[in-house]
Amino acid sequence: MKRITYRGGILEFTLPANWVEEYEDEGGATFYEDRPDSGTLRLNVLGFEGPETITASDMVRTVFRPEEGMSDEDFQDGLRLRTYIAPASEKGEALAIYRWHVAVPIMPRSLRLVIFAHTIVCGQENDDSISQELRIIDSSIRSGFYSREAGVSGAFRHSA
């Protein structure tokens, strides 16, 4: 496994050592194993500022509205996690997008939303290697480090 330190440390998690890392200068990253039919994990981070009447902790508690098919839970002392599977299609091929949204309070009244999306071809979840891949990603997200410090926006060069 290797440690991924995203955008200077606002987020850290692990992935298999042989996965390819691709970063966009303005934000976002893609991770995948360089083999046919592997899944693709995408990462994006959004930041939100709340009104003066709401705290960062309040924002985390209320960020996700209840929706059928989505699971929400508190984890890591003050963070909130939403998980679900979204159907999609590309060029006539049915896809399943496994999604994890992590809400992180940034004091005094901001919220960071860390969005992971792992795309596979429908039915691949029954394949042992893809099933294991999904377990690794889920575990990594749940055990990751999510900084509660304000980050720096703008262009960012990843150093390998």
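This short presentation covers the sheet, the core, a pocket and some backbone features of one structure. Please keep in mind that the model is predicted.

I shall begin with the sheet. Seven strands make up an open sheet, ordered 3-4-5-9-8-7-6, and their pairing is antiparallel. At its edges are strand 3, residues 19-23, and strand 6, residues 71-75, each of which pairs on one side only. On average, neighbouring strands of this sheet are turned by 20° against each other, with direction ignored. As a general reminder, strands of a sheet pair through backbone hydrogen bonds, in either a parallel or an antiparallel manner.

Within this sheet, let us consider strands 8 and 9. Strand 8 spans residues 93-106 and strand 9 spans residues 110-121; they run antiparallel and are joined by 12 bridges. Which residue of strand 9 stands opposite H101? That residue is I115. The loop between strand 8 and strand 9 contains P108, and the peptide bond leading from M107 to P108 is cis, with omega near 10°. In general, most peptide bonds are trans.

I turn now to the interior. The largest nonpolar core has 28 residues, and those touching the most other members are L11, F31, L43, V102, F116 and Y146. Several elements supply at least two residues each, among them strand 1 (2-6), strand 2 (11-15), strand 7 (79-90) and helix 2 (128-143). Which strand gives the most to this core? It is strand 8, with six residues.

Next, the second largest pocket, whose volume is about 280 Å³. Its lining comprises 13 residues, with T40, E90, L95, T119 and V121 lying nearest the centre. Strand 5 (40-49), strand 8 and strand 9 are the elements that give two or more residues to this lining. Strand 9 gives the most, namely three residues. By class, the lining has three nonpolar, five polar and five charged residues.

Finally, two aspartates deserve a comment on their backbone. Most residues other than glycine have a negative phi. D37, in the loop between strand 4 and strand 5, has a positive phi of about 65° although it is not a glycine. D77, in the loop between strand 6 and strand 7, likewise has a positive phi, of about 50°. Are these residues buried or exposed? The cut-off for exposed is over 50% relative accessible area. D37 therefore counts as exposed, at 57% relative accessibility, and D77 counts as exposed because its relative accessibility is 70%.

Conventions:
Residues numbered from 1 in each chain as written. Predicted model: local features only at pLDDT ≥ 70, side-chain atom pairs only at ≥ 80, totals over all residues. Heavy atoms only, no water. Pairing = 2+ DSSP bridges. Helix = DSSP H or I, 4+ residues; strand = E, 2+ residues; numbered from the N terminus. Axes fitted to C-alpha atoms, helices over the stretch in contact; angles between N-to-C directions. 1 Å grid on protein atoms, 1.4 Å probe; cavity = no way out; pocket = protein on both sides within 12 Å on 5 of 7 lines; lining within 4 Å. Points joined across faces, edges and corners; volume = space filled by probe spheres on them. Nonpolar A, V, L, I, M, F, W, Y, C, P; charged D, E, K, R; others polar. Core = buried A, V, L, I, M, F, W, Y, C linked by side-chain atoms within 4.5 Å. Buried < 20%, exposed > 50% of the residue type's maximum accessible area, 1.4 Å probe, protein only.
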